[in-house]
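The following exercises concern a predicted model. Please study the sequence and the structure before reading the solutions.

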Amino acid sequence: MSRYLTAPELAELIGCSPHSFACMRRYLTRNNWPFEPNLRGFPQVSREYHDARMAGSTPGGASPDEGQEPDFSMFEAA
C-alpha cells in the first residue's frame, strides 16, 4: 500500500473524476487538507493524514486554523 492516496481514492473522497487534478487541488485547499502536487499536478495526500482526519482527529502538525491570526483582543486597554 502506498503512503499516498491514489487518484481513484482521492476522487472518491472528493466526488470528482480521477483525472480532474485541478478540482482535487481546489477542494483540498478550500477544506484545509495538506497536500503536495507532483510533477503532473496530482495532489499527493498522505494516507496517514487521511485516515486520522476521517477518524475525527487532526494529526500533529496539521491544524485547520493554520494561517489565521490569533485573537489579541485580551491585550487591548479597556
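**Exercise 1: A charged pair**

In this predicted model, Glu9 and Arg47 join their side chains in a salt bridge, with 2.9 Å from N to O. Determine which helices hold the two residues, and classify Glu9 and Arg47 as buried, partly exposed or exposed.

*Solution.* Step 1. Glu9 belongs to helix α1 (residues 7-14) and Arg47 to helix α3, so the salt bridge ties together parts that are 38 residues apart in sequence.
Step 2. The relative accessible area of Glu9 is 32%, and this residue is therefore partly exposed.
Step 3. Arg47, at 13% relative accessibility, is buried.
Step 4. The count of salt bridges comes to one.

**Exercise 2: Two cysteines**

Establish how many disulfides the model contains, and explain why Cys23 is or is not bonded to Cys16.

*Solution.* Step 1. A disulfide requires two cysteine sulfur atoms within 2.5 Å.
Step 2. The cysteine sulfur closest to that of Cys23 is in Cys16, 3.9 Å away, which is too far for a bond.
Step 3. The count of disulfides is therefore zero.
Step 4. As to accessibility, Cys16 is buried, with a relative accessible area of 16%, whereas Cys23 is partly exposed at 22%.

**Exercise 3: A nonpolar patch**

Identify which residues make the nonpolar surface patch, and state where Met74 is placed.

*Solution.* Step 1. Phe72, Met74 and Phe75 make the patch, which covers about 420 Å².
Step 2. Met74 is located in the segment after α3 (47-54).
Step 3. With a relative accessible area of 68%, Met74 is exposed.

Notes:
Residues are numbered from 1 along each chain as its sequence is written. This is a predicted model: local features need pLDDT of at least 70, side-chain atom pairs count only at pLDDT 80 or more; totals for chains, interfaces and linings use all residues. Side-chain values use heavy atoms; hydrogens and water are left out. Buried means under 20% relative accessible area, exposed over 50%, partly exposed in between (1.4 Å probe, protein chains only). Patches are made of residues with over 30% relative accessible area and no salt bridge: like charges are joined within 9 Å, nonpolar side chains (Val, Leu, Ile, Met, Phe, Trp, Tyr) within 5 Å. Accessible areas come from the Shrake-Rupley method with a 1.4 Å probe; for residues, only the protein chains shown count as cover. A salt bridge is a side-chain nitrogen of Lys or Arg within 4 Å of a carboxyl oxygen of Asp or Glu. Helices (H or I, at least four residues) and strands (E, at least two) are DSSP runs, numbered from the N terminus.
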